[in-house]
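Me: I should like to go through the reasoning behind several descriptions of helix packing and of an internal cavity. Please set each value against its criterion.

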Amino acid sequence: MLMSPSCSKLTDFATMGSLFRSEEMQYCQMFLQTEAAYQCVSELGELGLVQFKDLNTNVNSFQRTFVNEIRRCEEMERKLRYTEKEILKEGLTIPDYQENPPAPVPKEINDLEVEFEKMDTELRQVNTNYDALNQNLVELTEIREVIHKTQDYFLLYGQDFQYMIREETGVLHEEAVIGRQQQPALGFLVGTVLRDKVPVFERVMKFITHGMVFMRTEEIERILKDPITGDELHKCMFIVFYQGDQLKNKVKKVCDGMRATIYPVPDSPEERNSMLRGVNSRISDLEIVLTQSNEHRQRVLKVAHREIRSWTIKVEKIKAIYHTLNMFKVHQNSLLAECWFPAKAIDDIRRALTTGEKVSNSTIPTVIQPMLTSESPPSYYKCNKFVKGFQSVVDAYGMSTYGEVNPAPYTCITFPFLFAVMFGDAGHGLIMFLFGLFLILKEKSIGSKRITNEIANTFFGGRYIIMMMGAFSIYTGIIYNDFFSKSVNIFGSQWHPVIKDNEWHADKIQLNPITAHYNVTAYPIGVDPIWQPALNKILFSNSLKMKMAIILGVTHMLFGICLQIFNHIHFKSYIDIVIRFIPEFLFLACLFGYLVSQVIYKWLWFDATESHCAPALLIHFINMFMFKYSSSDTAKEKCDPNWMYYRGQNIVQIMMFFIAILSVPVLLVAKPVYIICKRKSIRKTVTDHESLISNEIPPANEDAKFPSGSTTEDRDLQHRSHHTVEHSIGEIIIHQTIHTIEFCLGCISHTASYLRLWALSLAHAQLSEVLWTMVLRLALTMAGRYVGAPIIFVIFFLWANLTVAILLLMEGLSAFLHTLRLHWVEFNSKFYMGEGYAFTPFNFNHILNMRSIDEIS
């Protein structure tokens, strides 16, 4: 089976396909028969282990083979979207039965189209009729309200319009008498207008008619609903009295402009009563018809409500399949596809293709032909739920290059541990652990709810990370002996202070470890609890945590450099072990690794009796570069900072210094020189070989260009040279110079960066202690048996909320981000390239996880 050069063989240290590195990927061609292609791709989508390559990138989307089928799917989507909208309008939710219906065969697609067309037509017709009837009901209701208001109005004033006008306007009696003598022919118009438009309606009416009409408005108490939008309509009834046809026309124009509705209300009371009875009868009939229409609509929606989820999944699967088929090339009576898949999955893929061929009744099997390609394979890791969160942290930095070491297995331990070093409090860690454990135990019920809140989804997705960070924080809290900022004395302190009588009244008493501590033993686990009330606690914890941060940081970086060797062996770049791994390891180990060893040596060698003259390691580290040493007998007695505190210290430090310094030119020069020599050797080999066969036809096999003694590395280098542009010598030298400077300076800056472990641990401890002292301790010191209890309850509630908000959320987020930086910058930069791309197989998972059809569209 032919394979790409990058995955031709497996390493001896870890096989491809473990979590240690990416699954071994295979690049193949598939020849599928046209009649079986749909069903075969459907089965591969259910399997979800094949990533297809688009072979029609230069073809317009509207000119591809299956564009008509996709349009049919989009038409079905449109009908389903309308049905879903109507279901949601009724206040129903789309049910999720956790079903996974298979993609329909092509013959069933026509049945789906007919069913969707029938349902869509029926639903639209029912909605149209229902809206029309509802509109008529609203209009009849308005007419009824208008007739009632008109009847009430005329019952109050009768038919004496002159008396009505006089009462409403307060005109003089003489003017009324003149009016009665003239006997004007008055008419009236009745209608409705929106309540918000009444002030404008009155001003416009007065302006247009020059105040020659009499108008009265009154609000309709009944709230109506717009049958189209469903909005509430607040309307007012108006009655306008006019004289002459000219004013009547002006009033109608004003009503048309203000979108007011005029209703034909009769003049006589008998006709109005008859009209009111007719309106009430029509309203009763309409309500019966509306009830029946709504019941029919509900029946149609109930059927759609049960099947809408299944229908949507089927349609989206059909569309996804045809989108994938549009990526294939048409070759005579078959379709040609190119794809990536894990090599271990070849049997599953063949079974899926066989199933598709049987369903489609195809007699010609699908052909899978392995291919040789210069394209780098995608990276794929088969992770479980526990590792998935940590793998996401690594992938956020950059997808691993195919075949390189995956940092995720080590991140599962180092990430929560470094977080706990900064967060170390057993009480806070216990809360975090229980919260993560709760999310894990309830993951099925919480996951089925499909939470839309992004923050909640982030916490739920990182539930295993939260649980691990909490568990490690409990451990480091036990080591620091911190439980909500207080120490726990379980085994008894190993300090036995002896204080003189004249020292009892002193403001500050510090313990002397020479006289007050038994060096025979120490506190069994972690820090002795006596340091909690000690005045020099900060000095002690600072020294301990700062040295611990340097030890952990240098160890972490050295481990990262050691992981390089697995990459070099896997990619058969053995020369990089000599010209990169060894110089980088020696540079870091001889400088900062030596410093770590001296910290441990000082802890083991110098006890309390010699602590007054213990060596200052930073001064000795500086003297290592300045070659300042003192070995006289009086140097120790005088506590000379240059005093050598172990035999042969000057020789060891000089050797360490020169080994580190000599590693720099090796790292700077060796790789460019090797690449230049290698290029010359390959070009000379290729030139000699081509001169021998200049009069012959070149062999079809590309490997024939190389002599039998050439290595795989030679073949890979020459193969890549045909597909990539060679960098110039100057670019190679500049690149290596930048890498060398970045590494050497990075060793210093990265070591200092790990001091954040000390700084954040100290900050968290101090914040926790301040919160205890300033809040909870204040309540505990309040006197009073009856008054103190409710005060303690209230202040404890405040302290608990501040603890969660500040120490768990804010400080936890801060420690998480700093841990993220330590892994991305300080650790990954030592071995991890992260220049690959993720394996994105064709599957239907996104369809099964959708909540609405609009998420896909």
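The exchange below takes up three helix pairs and one cavity.

Reply: Please note at the outset that this is a predicted model.

Me: Why are α11 and α17 called roughly antiparallel?

Reply: The axes of α11 (residues 408–423) and α17 (residues 537–562) come within 12 Å and cross at roughly 165°. Angles over 145 degrees count as roughly antiparallel, and α11 and α17 are therefore given that description. Their crossing is left-handed.

Me: What makes the meeting of α11 with α17 a contact, and which residues take part?

Reply: Contact means heavy atoms within 4.5 Å. On the α11 side the residues are Tyr410, Thr414, Phe417, Leu418 and Val421, and they meet Met548, Leu552, His556 and Phe559 of α17. By class, this contact holds 7 nonpolar, 2 polar and no charged residues. Thr414 and His556 are the polar ones, because neither Thr nor His appears among the nonpolar or charged types.

Me: Why are α10 and α15 called roughly perpendicular?

Reply: Helix α10 (residues 385–397) packs against helix α15 (residues 463–480) at an angle of about 90°, with the axes 8 Å apart. The range for roughly perpendicular is 65 to 115 degrees, so α10 and α15 qualify. Lys385, Phe386, Gly389, Phe390 and Val393 of α10 make the contact with Arg463, Tyr464, Ile465 and Met468 of α15. The classes here are 6 nonpolar, 1 polar and 2 charged. Gly389 is the polar residue, because Gly is placed in that class.

Me: How do you know that α17 packs against α25, and what is the hand of the crossing?

Reply: The axes of α17 and α25 come within 8 Å and cross at roughly 145°, and the crossing is right-handed. From α17, Lys537, Ile538, Ser541, Asn542, Lys545, Met546, Ala549 and Leu552 meet Leu757, Trp758, Ser761, Leu762, Ala765, Gln766 and Glu769 of α25. This contact divides into 8 nonpolar, 4 polar and 3 charged residues.

Me: What makes the largest void a cavity and not a pocket?

Reply: A cavity is a set of points where a 1.4 Å probe fits but cannot get out, whereas a pocket is open. The structure holds 7 cavities of 30 Å³ or more, and the largest has a volume of about 180 Å³.

Me: How do you know which elements line the largest cavity?

Reply: A lining residue has an atom within 4 Å of a cavity point. There are 17 such residues, and Tyr480, Asp482, Lys537, Ser541 and Lys545 lie nearest the centre. The elements that give two or more residues are α17 and α25 (756–780), with the largest share, 6 residues, coming from α17. The lining comprises 8 nonpolar, 5 polar and 4 charged residues.

Terms used:
Residues numbered from 1 in each chain as written. Predicted model: local features only at pLDDT ≥ 70, side-chain atom pairs only at ≥ 80, totals over all residues. Heavy atoms only, no water. Axes fitted to C-alpha atoms, helices over the stretch in contact; angles between N-to-C directions. Helix = DSSP H or I, 4+ residues; strand = E, 2+ residues; numbered from the N terminus. Parallel < 35°, antiparallel > 145°, perpendicular 65-115°, else oblique. Left-handed = near helix turned anticlockwise from the far one by under 90°. 1 Å grid on protein atoms, 1.4 Å probe; cavity = no way out; pocket = protein on both sides within 12 Å on 5 of 7 lines; lining within 4 Å. Points joined across faces, edges and corners; volume = space filled by probe spheres on them.
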